[in-house]
Amino acid sequence: MRQDDNLSKSIDWLTVGFYAFFVIAGWLNVFAAVYDAEAHQNIFDFSLNSGKQLVWIGTSVVLIILILVIDYKFYNTFAYIMYGLMILLLIATIFLGTEAKGSRSWFEIGSLRIQPAEFAKFITALALATYLGKINIKFEKLQTKLMCALIIGLPAICILLQNETGSVLVFSSFILVLYREGLSPLILILGLVSVILFILALIFPPISIAQVVVGLGILALIYIITSRKKSTKVRTLVIRSSFVLVGCIICIATAFSVDFFVNKVLQDHQRKRILVLVNPDIDPLGAGYNVTQSKIAIGSGEFLGKGFLEGTQTKFDFVPEQSTDFIFCTIGEEHGWLGSTILIVMYVLFMMRLVYLAERQKDKFARIYGYSVASIIFFHFMVNIGMTIGIFPVIGIPLPFFSYGGSSLWSFTILLFIFLKLDAHRRQLLSH
């Protein structure tokens, strides 16, 4: 009994409160997304997504209890074993999984559908934290960086072979974790520049981008030469100039390779989603339909929204996947700009709280895992809302704790509450 009381005092109830808010608000909006007034539907109707989501919420509570009861050492001790089993399961999914929407990423057991890729996120986070958390591991070593790349890349490759591109991209969020552990900011800068160049190459001819890059490169070289001090060695000048030249070559090569990548590497539906991002009118009734209808729904909510269960875009089923990937447009339509802003602020405060909890961890394993939790949730939040308002391509990832789906809710619940268990242990040690 004392141990239970100690745990209840040590758990971060503010974070639990955020979790409860998102889950309950999500459940209500899942009901709003499928509600039909003429059918006199009930939120507890188990034939509706809202009723099914309630079951997932109930089972998530059971998962929370199990996570908090299990000794905190379990997650570190068995991380590699879980990682190995997860890789085997992902490989099995490639050959034995059920195909849906061009992706073979689901296992079906009767009416139950489970997506292993969702659970790969928290298991990869545990494995990464276990490896980097070792005393003798130094991140500045090349061997350490390569091992981190392997831990992150192996499940990502397996998921890519399932043709589940959205889930693969989530693994890029671990770059933020590695940056906290000492990864050069140059990697983040190069990644950002690559994205910008990719988008520009879709809008402008590659030759125009190359001309701009050459111009900027010449200006950079002129600055390096004219700002040179007398004490500056020639070798230093050559190295700086070489960096500029190599950077220009990489940028120009990237610009000219985008066309090949989009037309020869990407699949047809992926290519259309990218092109629709740049020009929504290119396929308004196909690849651009979801985003167009989503923006109409959000815009129609204006400042205060139409009211709970009063969304006309929802009632007439204009927006596909409105209870899953596009659930944010339900918020925009029924609760307006104000409701959307409140939800975004709540997510931002929640993620800030996670970073705060991660930073105060004394144990390296717990800190790295905490940053993994914050980074994964941040990526989902940013991309999900971004794709509903048309600033990111549609890649089909849910809004954490909010979107309909058992695999999603379970995986995010496990992801979060393992961290809360680790944080509770830290507090228990401080209280003794």
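The following paragraphs describe a surface patch, the cysteines and two buried residues of a predicted model.

In this predicted model, local features require a pLDDT of at least 70 and side-chain atom pairs count only at pLDDT 80 or more, while totals for chains, interfaces and linings use all residues. Residues are numbered from 1 along each chain as its sequence is written, and side-chain values use heavy atoms, with hydrogens and water left out.

The surface carries a nonpolar patch formed by Val-62, Leu-66, Ile-70, Phe-74, Phe-78, Ile-81, Leu-85 and Leu-88, which together have about 710 Å² of accessible area. Helix H3 (49-69) and helix H5 (79-96) are the elements that give two or more residues to this patch, and H5 gives the most, with three residues. A patch is made of residues with over 30% relative accessible area and no salt bridge; nonpolar side chains (Val, Leu, Ile, Met, Phe, Trp, Tyr) are joined within 5 Å, and like charges within 9 Å. A salt bridge, in turn, is a side-chain nitrogen of Lys or Arg within 4 Å of a carboxyl oxygen of Asp or Glu. Accessible areas come from the Shrake-Rupley method with a 1.4 Å probe, and for residues only the protein chains shown count as cover. Helices (H or I, at least four residues) and strands (E, at least two) are DSSP runs numbered from the N terminus.

One member of the patch, Leu-66, is found in helix H3. Its relative accessible area is 47%, so Leu-66 is partly exposed; this class lies between buried (under 20% relative accessible area) and exposed (over 50%), with a 1.4 Å probe and protein chains only.

The cysteines form zero disulfides, a disulfide being a pair of cysteine sulfur atoms within 2.5 Å. The sulfur of Cys-158 is too far for a bond because the closest cysteine sulfur, in Cys-148, is 18 Å away. For Cys-248, the closest cysteine sulfur is in Cys-251, at 6.6 Å, which is also too far for a bond. Both Cys-158, at 7% relative accessibility, and Cys-248, at 16%, count as buried.

Two further buried residues can be described by their contacts (heavy atoms within 4.5 Å), not counting residues up to four places away in sequence. Ser-408 has its place in helix H18 (residues 406-431) and is buried because its relative accessible area is 6%. Ser-408 touches Glu-118 and Pro-398. Glu-164 lies in the loop between helix H7 (142-161) and helix H8 (165-170), and its relative accessible area of 13% makes it buried. Glu-164 touches Ser-103, Ser-105, Gln-115, Ile-159 and Gly-396.
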